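Student: I've got a new model open and I'd like to practise reading it feature by feature. Can we go through it together?

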Amino acid sequence: MAGVGVDEATLNDLKNTAEQVAVEAAHLVRTAWVRMRSGGEVAVDTKSAETDVVTAVDRESEELVRARLERLRPGEPVLGEEGGGAGHDAAGGVAWVVDPIDGTVNFLYGLPTFAVSIAAQIDGVSVAGAVVEPVSGRRWTAIRGGGSWLDGARLSVSAADRLDLALVGMGFSYAQDRRVRQGKLTADLVGRVRDIRRRGAASLDLCAVAAGWLDGYFEHGLHRWDWAAGALVAQEAGATVLLPGEAADLGEDATFAATPGVAAELRAALAAGGAAEV
């Protein structure tokens, strides 16, 4: 496909690999979630803040993903949320970006809104990916230049063309001071749109834009593993997508996705509300 230097057959193979491995990891995560809801214990630690948690299941899921990728695609680097790595720096070759559980807080609380996210990147650009939901079993997949799908059905963004009737997803930082600023931005935006949703899993919010379940989505502070697969799903469904570093008017670490009919107006509203200062 144009721009990535990889033929269609290879891209399909990358997508199929991402989906296969994500499904295996999702089975592990779902088994642990069911066990936990039945009274089983899960070891929990914290990262950047007391509210930023990581579980033993996150680590087990990532270990499984790394082992499977090494078997299926030996020698290709992996960047994972828990195990680190420098996969996106692999010049010219395929690298993998992994979020073993996107939505760990939801997982811990028993909410079924979380996912395993795996993307293949070349020179830091996502070319194929899969987001799999352990509880529902939904499989979101995409190939750069080739489209995106939910359980094999082609995806397309909504036809929304009025911001005042748009349903928008947002996310918030773990840092308390930044959450306060984000709250003010949200308060400014809520009067300009139909309503706002907060689901707690960036990959699934991006996929929701792809499906037309949301008309737009915006969040500061995401890491590469949060958006690598989901942003490709949204873009290939027709969304206007801006990744961290691409929209100074929204903030250097902003991620934005919206159906084209409201994208410009939503971006302007966020910028006017002070998104760049959040």
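Tutor: Sure. Keep in mind that this is a predicted model. Let's start with strand pairing: β6 and strand β7 (residues 139–143) run antiparallel and are joined by five bridges.

Student: What does β6 pair with besides that, and how many bridges join β5 to β6?

Tutor: Seven bridges link β5 and β6, and that pair runs antiparallel too. You can follow one residue across: V131 in β6 stands opposite S117, and in β7 its bridge partner is W140.

Student: Is β6 mostly covered or mostly open?

Tutor: Mostly covered: seven of the eight residues in β6 are buried.

Student: Next, the turns. Which residue takes a positive phi in the hairpin of β5 and β6?

Tutor: When reading a hairpin, look at the residues between the strands and check their phi. The β5 and β6 hairpin has two residues between its strands, and there D123 has a positive phi near 55°. Note that D123 is not a glycine. The hairpin of β6 and β7 has six residues between the strands, with G137 at a positive phi near 85°.

Student: Where does D151 lie, and what is its phi?

Tutor: D151 sits in the loop between β8 (147–150) and β9 (153–154). Its phi is near 50°, again a positive value in a residue other than glycine. For a glycine, look just after α5, where G212 takes a positive phi of about 80°.

Student: Let's turn to burial, then. How many of the residues of helix α5 are buried?

Tutor: Nine of the ten residues in α5 (residues 202–211) are buried, leaving the helix mostly covered. Among the buried ones are L204, L206 and V209, but also S203 and D205.

Student: How do I get from buried residues to a core?

Tutor: The general idea is that nonpolar side chains tend to be buried together in soluble globular proteins. Here the largest nonpolar core has 35 residues, and V131, W140, L155, V209, W227, V233 and V241 have the most contacts inside it. At least two residues of this core come from each of β5, β7, α5, α6 (224–227) and α7. The largest share is from α5, with seven residues. Notice that V131 and W140, the bridge partners from β6 and β7, both appear among the residues with the most contacts in the core.

Student: What about a polar residue that is buried? Why does Q121 count as buried?

Tutor: Look at the relative accessible area, with buried meaning under 20%. Q121 has a value of 1%, so it counts as buried. This residue is in strand β5 (residues 115–122), and its side chain makes a polar contact with the side chain of R224, at 3.0 Å.

Student: And why does R73 count as buried?

Tutor: The reasoning follows that cut-off: R73 has 16% relative accessibility, so it counts as buried. You'll find R73 in the loop between α2 (56–72) and β3 (78–80). To relate it to another part of the chain, try W96: the two are 23 residues apart in sequence and 9.8 Å apart in space, C-alpha to C-alpha.

Student: Now the empty spaces. How many cavities of 30 Å³ or more does the structure hold?

Tutor: One. The largest cavity has a volume of about 30 Å³, and M170, G171, F172, Q182, L185, F218 and H220 line it. Two or more of those lining residues come from each of α4 (176–190) and β12 (216–220). By class, the lining has four nonpolar, three polar and no charged residues.

Student: What is the volume of the second largest pocket, and which residues lie nearest its centre?

Tutor: Its volume is about 160 Å³. For a pocket, read the lining in the same spirit: 13 residues line this one, with R144, W227, Q235, V241 and L243 nearest the centre. Both β6 (125–132) and α7 (230–236) supply at least two lining residues, and α7 gives the most, with three. The lining divides into seven nonpolar, four polar and two charged residues.

Student: Does anything tie the pocket back to the core? Which residues should I look at?

Tutor: Look at W227 and V241. They're among the residues nearest the centre of the second largest pocket, and they're also listed with the most contacts inside the largest nonpolar core.

Note on methods: Residues are numbered from 1 along each chain as its sequence is written. This is a predicted model: local features need pLDDT of at least 70, side-chain atom pairs count only at pLDDT 80 or more; totals for chains, interfaces and linings use all residues. Side-chain values use heavy atoms; hydrogens and water are left out. Buried means under 20% relative accessible area, exposed over 50%, partly exposed in between (1.4 Å probe, protein chains only). Helices (H or I, at least four residues) and strands (E, at least two) are DSSP runs, numbered from the N terminus. On a 1 Å grid over the protein atoms alone, a cavity is a set of points where a 1.4 Å probe fits but cannot get out, and a pocket is an open set with protein on both sides within 12 Å along at least five of seven lines; lining residues have an atom within 4 Å of a point. Grid points are joined across faces, edges and corners, and a volume is the space filled by probe spheres set on the points. Ala, Val, Leu, Ile, Met, Phe, Trp, Tyr, Cys and Pro count as nonpolar, Asp, Glu, Lys and Arg as charged, and the others, Gly among them, as polar. A polar contact is a pair of N or O atoms within 3.5 Å; within protein, one must be able to donate a hydrogen and the other to accept it, and residues adjacent in sequence count only if both atoms are side-chain atoms. Two strands pair if DSSP finds at least two bridges between them. A nonpolar core is a set of buried Ala, Val, Leu, Ile, Met, Phe, Trp, Tyr and Cys residues joined through side-chain atoms within 4.5 Å.
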